[in-house]
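Please take a moment to look over the chain shown here, and then follow the explanation below, which moves from single residues to helices and then to the chain as a whole.

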Amino acid sequence: MGIQVTDLHLLRDQLTVRRQKLETAMARTQTANLLQLLEQVDRALERVEQGSYGICEECKTSVEAERLFADPLTEICLDCLRPAEQRALEQDLHLAARIQAGLLPKKDLCVSGWKAAYHYEPAGQVSGDYCDLVPHGKDLYFMVGDVSGKGVAAAMLMSNLHALFRVLIPTGLPLEQLVERANRLFCESTLATQYATLIVGKADELGNVEICNGGHPAPFHVGPHGVVAIEAATVPIGLFCDQKFSSTSLRTSPGDSLVIYTDGISESESPDGAEYGSASLEKLLASCHQMPSRELVDRCLKEVLAFRSGSPRLDDQALMVLQFVPTEAAQG
């Protein structure tokens, strides 16, 4: 089968919960639609018991695991979809990509003495990377994350994170409590195997920055005296509902930058299989620390592209640069 045993157990649990909800709904009212859905769930559970779940009804090959997680009732692989069904799926993916693009923040943002720029690029039509900038009062909140998995299922979780932080930030919770609240809500609404590495930070107009890192690659503090990785040891969000998170505080000077990235940047591969690595990114940042945020984003992407030398990009990519430019300097 195309799915792992642990994934099969999770999908069976998901089907069982769906059946329970359908039974509850049918206790109030029975409709043809509810009966049809219940029959589909029962057929799927039967296939689980028979060992044929996840096998295409047409060609008997494996159904794509990603599609099963998005819809556990899926019975046919992509290759066996009828032309009309393939067109409908393509339209859905195109719409999903447009919706996801609409969730992204303004490309170049200047607020509270900070100039922010980012690059966001899915490996396919949709991405599991998370990137957002939220001004609130005199503070600028910034988030960069990487949801487990790829494709539509990961994109749905990315949208979940986006909504959570957009709702929670206006509550004014301290950063650590903000992430803990988001973690609990995320954990309660996802499967046990789903999680996200995540950077959540807050920067003020005086250059003070607080960063909470949940299992994400360490961001860099870039200044004239060098490049410093901001390390953290907290686990990704979504693994434990009662997880506690800690934050790191730092003071930046005018012209300093924060560089945050997903592993689609650091794990880019050359044609011979070598990995770009965070050390290469750190070395590059040390050589061009005076660049404005947008130019620095473009310079990093140019080097990664040159390193790949035509080799395919296999993962989503997100890169964010925030540069502290006090208001007086920005006006000058």
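In this predicted model, V200 has a relative accessibility of 1%, and because a residue under 20% is called buried, V200 counts as buried. V200 is found in strand β5, and if its neighbours within four places in sequence are left aside, V200 is in contact with F142, M143, F165, L175, L178, V179, E210, I211 and C212. Not every residue of the chain lies close to V200, however: the C-alpha atoms of V200 and L301, which are 101 residues apart along the chain, are separated by 22 Å.

Three of the residues that V200 touches, namely L175, L178 and V179, are also listed among the buried residues of helix α6, together with E180, A182, N183, F186 and C187. What do the buried residues of α6 pack against? They pack against the strands β4 (139-147), β5 (196-204), β6 (208-214) and β9 (247-251), and also against helix α5 (151-168). The length of α6 can be checked with a short piece of reasoning: the helix runs over residues 175-188, and at 1.5 Å a residue its 14 residues should span 20 Å, which agrees with the 20 Å that separates its end C-alpha atoms.

Helix α5 also packs with helix α4 (residues 83-103), and here the angle is about 30 degrees while the axes lie 11 Å apart. Since angles under 35 degrees count as roughly parallel, α4 and α5 are therefore described as roughly parallel to each other, and α4 passes α5 in a left-handed crossing. On the side of α4 the residues that meet the partner helix are L93, Q100 and L103, and on the side of α5 they are V152, A155, M158, S159 and H162. The residues of this contact between α4 and α5 divide into five nonpolar, three polar and no charged.

A second pair of helices can be read in the manner just used. The axes of helix α8 (residues 277-287) and helix α9 (residues 293-308) come within 11 Å and cross at roughly 135 degrees, which means that α8 is oblique to α9, and the crossing of these two helices is right-handed. The contact is made by S280, L281, L284 and L285 of α8, together with L296, R299, C300 and E303 of α9. By kind, the residues of the contact of α8 with α9 divide into five nonpolar, one polar and two charged.

Beyond α9, in the loop between α9 and β11 (317-324), is G310. Is G310 buried or exposed? Its relative accessibility is 75%, and because exposed means over 50%, G310 counts as exposed. G310 and V126 are 184 residues apart in sequence, and their C-alpha atoms are 22 Å apart in space.

R47, which lies in helix α2 (residues 32-50), is a charged residue that counts as buried, because its relative accessibility is 8%. Not counting residues up to four places away in sequence, R47 touches S52, Y53, E57, L73, T74 and E75.

Finally, the whole chain can be considered. The protein chain has 10 helices and 11 strands, and its C-alpha atoms fill a box of roughly 70 × 50 × 35 Å, taken along the principal axes. Buried residues make up 46% of the 332 residues. Among contacts between residues at least 6 apart in sequence, 67% join residues at least 24 apart.

Terms used: Residues numbered from 1 in each chain as written. Predicted model: local features only at pLDDT ≥ 70, side-chain atom pairs only at ≥ 80, totals over all residues. Heavy atoms only, no water. Helix = DSSP H or I, 4+ residues; strand = E, 2+ residues; numbered from the N terminus. Expected span 1.5 Å × (residues − 1). Buried < 20%, exposed > 50% of the residue type's maximum accessible area, 1.4 Å probe, protein only. Contact = heavy atoms within 4.5 Å. Axes fitted to C-alpha atoms, helices over the stretch in contact; angles between N-to-C directions. Parallel < 35°, antiparallel > 145°, perpendicular 65-115°, else oblique. Left-handed = near helix turned anticlockwise from the far one by under 90°.
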